[in-house]
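I opened my notebook today to look through a protein structure piece by piece. Here is what I looked up, in the order I went.

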Amino acid sequence: MSYFIDTKYLNMVSHRLPLFVKKKTDLWNCRCIICGDSKTNKRKARGYFYRQKNDLYYKCHNCDASQHFGTFLKNLDTHTYQQYVFERYSKGENGPKAHTNAEEFVYQHEPITFTVKPVLEQVATKLSELPDDNEAVQYCLSRSIPRSKFIDLYYIPSVKDIVKIAPEYTSIKTEEPRLLLPFYNEQGELTGVTMRAIRGEHLRYIMIKLKENEPLLFGMNHVKKNEPITIVEGPIDSLFVDNCVAVAGTGFGKIEALGLDKNLIQIVFDNQPRNIEVCKLVEKYIKLDYKVVIWPCNIVAKDINEFVENGGEVRRLIHEHTYQGLMAQLKFTKWRNC
Ligand SMILES: [Zn+2]
C-alpha cells in the first residue's frame, strides 16, 4: 500500500517537475529540481523515481541526490507532505499499526538531506554534457584532445563566476568563457582549477587555489601509484599520456613531495632546448637520477600536444627516448645543440 501512496503523491506533484514522464512500469523521469539539471541543455532530464520493494525512491544522475520519495516531497511541498504522511502512516491497510513499524517510524524522522550539488557544477558544465558547437568543446577538438577526457574537463561560461566557489578571487573581473581544468588531490577533493583562454586572451591561464597547503598537481585523482607514472608540465599535455600527472608550470619541485617511487617516474619536459629555464630543469632532474625523456632533434613540436597534433605517438616517444644517468646526460648535451 505504501508504494501505491507514494506513486499517487508523485502524480499529484508531477506538474511541478519539468519534463516529467513515465518511462515504464515503476520508473519515472524528470529534470532534477535539486541541482537544476543541465544549464545549457534544457532537454536534459537526469532525475529518476524508481521502485525498490514497497517504496519509491528518487535519484539524480547529475548531482547524485539519492533519497526516499518522502524526503523529496517534504522538500518540495511541506503541506502536501503532511497529507502524505497522514495517509501513509495512519490509514490504509497498514492501519494504525504502521505507527509502531520501526522502519517507517525512523523514516518519518529522517532529517532533510538535500544532497549538495558538486561544487564545480555550480559555475561550470562538463564538456561531456555539452553539444559539439560549444566553444570549449570546439577548442578541445581542435587541439585533438580525446573525447574520453571530456568527462574531466569543464566549460565555464563566465570566468568571473569562479568567485562563487572561490570568494577570495574577487580580482577576476572579466567575463569571457574559458576551458576549466580541475585539480583534485588523491582523496578526490577539489584543490584548485586552471582556466584556459579559448578566445585568444593575453592571460592564457588563470590559476585558482581552493585548498591551502596542497600542491596543485593535475591528474592526482586518477594516478595509479604502482604503475609507471609520467610527469609533464601542462595539464592539457597530460591528457595524451597514460597514468600521467601535470605539475602545471615549471613547479617540478612538487614531485618530490608526493612520495612516489622514483623508479616508476619518467619526466617529459617541453621540447624547448633554447629555453634556459627548461634546460636547467632537465639537467637538475638528470642529476637527481630521474628518468627523463629527451626529445630527438628531428621532432620540432614544442610540447606533447603539438607533437600529437602533428601525428606523433606519445607512447612510442616515451618508450624510445627515456634515459637515465650518464646516457641521459649525453642525450641532453646533444638535445641542447639540436
Ligand atoms: Zn540533480
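**Entry 1: buried cysteines.** I began with a cut-off: a residue counts as buried when its relative accessible area is under 20%. I kept in mind that the model is a predicted one. I looked up C279 and found a relative accessibility of 2%, so C279 counts as buried. C32 also has a relative accessible area of 2%, so I wrote down C32 as buried too. I then checked C279 for a bonding partner and learned that C279 is in no disulfide. The nearest cysteine sulfur to C279 belongs to C338 and is 10 Å away.

**Entry 2: the disulfide.** I reminded myself that a disulfide is a covalent bond between the sulfur atoms of two cysteines. How many disulfides does the structure hold? I found one. C297 and C338 are the two cysteines it joins, with 1.9 Å from S to S. I looked up the angle about the S-S bond, which is -90°, and noted the link of C297 and C338 as left-handed. Which parts does the pair tie together? C297 sits in the loop between β14 (291-293) and α9 (304-309), while C338 sits in the segment after α11 (325-336), so the link ties together parts that are 41 residues apart in sequence. I also checked how open the two cysteines are. C297 is partly exposed, at a relative accessible area of 41%. C338 is partly exposed as well, at 34% relative accessibility.

**Entry 3: a serine in a helix.** Next I picked S238, which I found in helix α6 (residues 235-238). Is S238 buried or exposed? S238 has 6% relative accessibility, so S238 counts as buried. I then listed what S238 touches, leaving aside its neighbours within four places in sequence: F218, V232, C244 and A246 are in contact with it.

**Entry 4: the five-stranded sheet.** I traced an open sheet of five strands and wrote down its order as β12-β11-β13-β14-β15, with mixed pairing. Which strands stand at the edges? They are β12 (244-246) and β15 (322-323), and each has a single partner strand, so one side of each is left without a neighbour in the sheet. I looked closer at β14 and β15, which pair in the antiparallel sense over two bridges. Opposite V293 I found T322 in β15.

**Entry 5: two hairpins.** I moved on to β3 (residues 47-52) and β4 (residues 55-60), which run antiparallel and are joined by six bridges. Q52 stands opposite D55 in β4. These two strands, β3 and β4, form a hairpin with two residues between them. In that turn, K53 has a positive phi of about 55°. Strand β4 also has three bridges to β5 (residues 66-68), again running antiparallel. Here I noted that Y58 has Q67 in β5 as its bridge partner. Between β4 and β5 I found a hairpin with five residues in between, and D64 in the turn has a positive phi of about 65°.

**Entry 6: the largest pocket.** Last, I looked for open space. The largest pocket has a volume of about 510 Å³. It is lined by 28 residues, and those closest to its centre are I151, D152, Y184, N221 and H222. I sorted the lining of the largest pocket by type and got 13 nonpolar, seven polar and eight charged residues.

Terms used:
Residues numbered from 1 in each chain as written. Predicted model: local features only at pLDDT ≥ 70, side-chain atom pairs only at ≥ 80, totals over all residues. Heavy atoms only, no water. Disulfide = S-S within 2.5 Å. Helix = DSSP H or I, 4+ residues; strand = E, 2+ residues; numbered from the N terminus. Buried < 20%, exposed > 50% of the residue type's maximum accessible area, 1.4 Å probe, protein only. Contact = heavy atoms within 4.5 Å. 1 Å grid on protein atoms, 1.4 Å probe; cavity = no way out; pocket = protein on both sides within 12 Å on 5 of 7 lines; lining within 4 Å. Points joined across faces, edges and corners; volume = space filled by probe spheres on them. Nonpolar A, V, L, I, M, F, W, Y, C, P; charged D, E, K, R; others polar. Pairing = 2+ DSSP bridges.
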